[in-house]
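Notebook open, viewer loaded. I want the fold first, then the core, then a few residues one by one.

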Amino acid sequence: MGTTGRRPGAYVCGIDAAMDVIGGKWKVLILWALNERPCRFGELRRELPGITEKVLASHLREMEADGLVHREAYDEVPPRVEYSLTPRGVSLNEALRPLGAWGKAHVLGESPAAGQMREDDDVPLVPGAA
C-alpha cells in the first residue's frame, strides 16, 4: 500500500494529491458507505442511487489500487465478494470528517453538534441569522 500511481511529481501540494485520489462525484460516497460496514457490490449500488455498474466497478478498482479499499473474494458457490475500507481508507474518512462538518454548516445550513464549533467561528448559531 504505497503511493498511488497517478501523477508522480505533478502535485503542487498535499491537497492536490488528496483530491486526485478522491476526485469525482462517487468516491467520497463510496468511502462513506464502506465506513458503515463492509458491503457486497450490489449493496453498494443500492446505497448509491444513480451510480452505474461500470462507474462503481471502475472506482472500486481505482480505490483498491490506491490502497483505500480491500476486496475480499470468498471461495464459495455462488461466489461472494465483499469490499471494506483499509486502514488507509479509514484514515482518509477521518480526514474528510471536518470537510463534511463544514458542508453541513455552510452549505446545508445544519447547525453543528454541541462542542464542534468554537466561539470565534463565523457561523450563525441560528439558521438564517446574520
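For helices I take DSSP runs of H or I with at least four residues, and for strands runs of E with at least two, numbered from the N terminus. This is a predicted model, so I keep local features to pLDDT of at least 70 and side-chain atom pairs to pLDDT 80 or more, while totals for chains, interfaces and linings use all residues. Residues are numbered from 1 along each chain as its sequence is written, and side-chain values use heavy atoms, with hydrogens and water left out.

**Fold**

I looked up the elements: the protein has five helices and three strands. Read from the N terminus, the order is α-α-β-α-α-β-β-α. I call a residue buried under 20% relative accessible area, exposed over 50%, and partly exposed in between (1.4 Å probe, protein chains only). On that scale 26% of the 130 residues are buried. Contact, for me, means heavy atoms within 4.5 Å. Taking contacts between residues at least 6 apart in sequence, I find that 42% join residues at least 24 apart.

**Core**

Next, the nonpolar core, meaning a set of buried Ala, Val, Leu, Ile, Met, Phe, Trp, Tyr and Cys residues joined through side-chain atoms within 4.5 Å. The largest one holds 21 residues, and Ile 30, Leu 31, Leu 34, Leu 44, Leu 60, Val 69 and Tyr 83 have the most contacts inside it. At least two core residues come from each of α1 (14-22), α2 (27-36), α4 (53-65), β3 (80-85) and α5 (87-108). The largest share, four residues, is from α2. As background, nonpolar side chains tend to be buried together in soluble globular proteins.

What does Tyr 83 contact, leaving aside its neighbours within four places in sequence? I get Leu 34, Pro 38, Cys 39, Phe 41, Leu 44, Leu 60, Val 69, His 70 and Arg 71.

**Rings**

I then tried aromatic pairs: rings of Phe, Tyr and Trp (its six-membered ring) with centres within 6.5 Å, stacked if the planes are under 30 degrees apart, edge-to-face over 60, and tilted for the rest. The count comes to zero. I also checked for a charge over a ring, which asks for NZ of Lys or CZ of Arg within 6 Å of the ring centre and within 35 degrees of the ring normal. Arg 80 turns up with its charged end over the ring of Tyr 74, 3.8 Å from the centre.

**α1 and α5**

In α1 I find Asp 20, Val 21 and Ile 22 buried. The cover over the buried residues of α1 includes α2 and α5. Ala 18, also in α1, is partly exposed, because its relative accessibility is 33%. I put its C-alpha 8.9 Å from that of Leu 92, though the two are 74 residues apart in sequence. After α1 comes Gly 24, with a positive phi near 100 degrees.

α5 has 22 residues and spans 29 Å from first C-alpha to last, close to the 32 Å expected, where the expected span is 1.5 Å times one less than the number of residues. I see a bend of about 30 degrees at Leu 96, with Pro 98 following within four residues; the bend is the angle between axes fitted to the seven residues ending there and the seven starting there. Gly 89, Leu 92, Asn 93, Leu 96, Gly 103 and Ala 105 are the buried residues of α5, and their cover includes α1, α2 and β3. Gly 109 follows α5, and its phi is positive, near 75 degrees.

**Single residues**

Is Ala 33 of α2 buried or exposed? Ala 33 is buried, because its relative accessibility is 3%. Not counting residues up to four places away in sequence, Ala 33 touches Cys 39, Leu 44 and Glu 47.

His 59 is in α4 and is buried, with a relative accessible area of 14%. Beyond four places in sequence, I list Trp 26, Lys 27 and Ile 30 as its contacts.

Glu 64 is in α4 too, but partly exposed at 36%. Leaving out residues up to four places away, Glu 64 touches Val 69 and Arg 71.

Last, I checked the backbone at Pro 78, in the loop between β2 (69-74) and β3. The peptide bond from Val 77 to Pro 78 is cis, with omega near -5 degrees. In general, most peptide bonds are trans.
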